[in-house]
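Work through the exercises below with the sequence and the structure side by side, and try each task before you turn to its solution.

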Amino acid sequence: MKITLYDTTLRDGTQGEGISLSVNDKLRLTQRMEEFGIHYIEGGWPGSNQKDAEFFQKAKKLKFKNAKLTAFGSTRRADLSAAEDPNLKALLKAETKAVTIFGKSWDLHVKEVFNIPLEKNLDMIRDSIQFLKKQGREVIYDAEHFFDGYRQNFEYALSTLKAAQEAGA
């Protein structure tokens with residue numbers, strides 16, 4: 001059995017109170033994780049802030065033997081096509097070989113937060129992944145709040161995974 005390590009320190013790990021990494025901090029940590037043998041290093045969300053966008057520009061100079069640097073973002077917005085979505089454009093601009101996108105897997109969030117039909121959310125997942133795959137990226141799908149969604153509506157939660165898989169994640 002092969003175990004693949006995916007590290008979120010540079011994004012999720014910096015969301016705690018009092019934690020702030022400079023671009024240079026993130027670059028040094030990336031090099032250390034690469035040396036350690038982490039397979040995927042999530043560098044941040046280039047569509048959400050300038051510091052992460054700057055990190056990805058500077059990270060292009062790093063040499064990777066073990067790891068793939070990944071850019072993080074979300075599925076396309078409900079009112080835009082994947083090609084028009086600024087978040088997906090920022091993921092491509094990061095020029096990483098792999099990208100990770102999260103999508104809603106809990107029907108409550110689809111209905112109450114997005115205020116869209118469940119099938120439209122599945123379309124957003126499929127469209128986003130297909131768009132990124134056509135641009136030559138490996139796509140990792142993060143099923144946001146999957147287990148809460150599974151507990152409430154397991155059929156829908158599983159359908160989000162199936163949509164992602166069928167689209168190429």
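The exercises that follow treat helix packing and then pockets, in a model that is predicted.

**Exercise 1.** Describe how helix α1 and helix α2 are placed relative to each other, and state which residues bring them into contact.

Solution. Two packed helices are described by the angle between their axes and the distance between the axes. Begin, then, with the axes of α1, residues 23-36, and α2, residues 50-59, which come within 9 Å and cross at roughly 45 degrees. Since an angle under 35 degrees would count as roughly parallel and one from 65 to 115 as roughly perpendicular, α1 and α2 are therefore oblique to each other. The next step is the hand of the crossing, which is right-handed where α1 passes α2. Finally, look at the side of each helix that takes part: α1 contributes V23, K26, L27 and T30, and these meet K51, D52, E54, F55, K58 and A59 of α2. Sorted by class, the residues of this contact are four nonpolar, one polar and five charged.

**Exercise 2.** Carry out the analysis for helix α3 and helix α5, and classify their relative direction from the angle.

Solution. Helix α3 covers residues 86-93 and helix α5 covers residues 118-134, and the two pack at an angle of about 30 degrees with their axes 11 Å apart. Angles under 35 degrees count as roughly parallel, and α3 and α5 are therefore roughly parallel to each other. The crossing of α3 past α5 is right-handed. On the α3 side the contact is made by L88, L91 and L92, and on the α5 side by S128, F131 and L132. By class, this contact holds five nonpolar residues, one polar residue and no charged ones.

**Exercise 3.** Characterise the largest pocket by its volume, its lining and the elements that supply the lining.

Solution. Start with the volume, which is about 250 Å³ for the largest pocket. Next, collect the lining, which consists of F56, A59, K60, L62, F64, A67, K68, L69, A94, E95, T96 and K97. Mapping these residues onto the elements shows that α2 and β3, the latter spanning 68-74, each supply at least two of them. The last step is the class count, which gives seven nonpolar, one polar and four charged residues.

**Exercise 4.** Which residues line the second largest pocket, and how do they divide by class?

Solution. The second largest pocket has a volume of about 160 Å³. Its lining is formed by L10, R11, T14, Q15, S20, L21, K26, W45, S48, N49, K51 and D52. These residues divide into three nonpolar, five polar and four charged. K26, K51 and D52 also appear in the contact of α1 with α2.

How values were computed:
Residues are numbered from 1 along each chain as its sequence is written. This is a predicted model: local features need pLDDT of at least 70, side-chain atom pairs count only at pLDDT 80 or more; totals for chains, interfaces and linings use all residues. Side-chain values use heavy atoms; hydrogens and water are left out. Axes are lines fitted to C-alpha atoms, for helices over the stretch in contact, and angles run from 0 to 180 degrees between N-to-C directions. Helices (H or I, at least four residues) and strands (E, at least two) are DSSP runs, numbered from the N terminus. Angles under 35 degrees count as roughly parallel, over 145 as roughly antiparallel, 65 to 115 as roughly perpendicular and the rest as oblique. A crossing is left-handed if the near helix is turned anticlockwise from the far one by less than a right angle, and right-handed if clockwise. Contact means heavy atoms within 4.5 Å. Ala, Val, Leu, Ile, Met, Phe, Trp, Tyr, Cys and Pro count as nonpolar, Asp, Glu, Lys and Arg as charged, and the others, Gly among them, as polar. On a 1 Å grid over the protein atoms alone, a cavity is a set of points where a 1.4 Å probe fits but cannot get out, and a pocket is an open set with protein on both sides within 12 Å along at least five of seven lines; lining residues have an atom within 4 Å of a point. Grid points are joined across faces, edges and corners, and a volume is the space filled by probe spheres set on the points.
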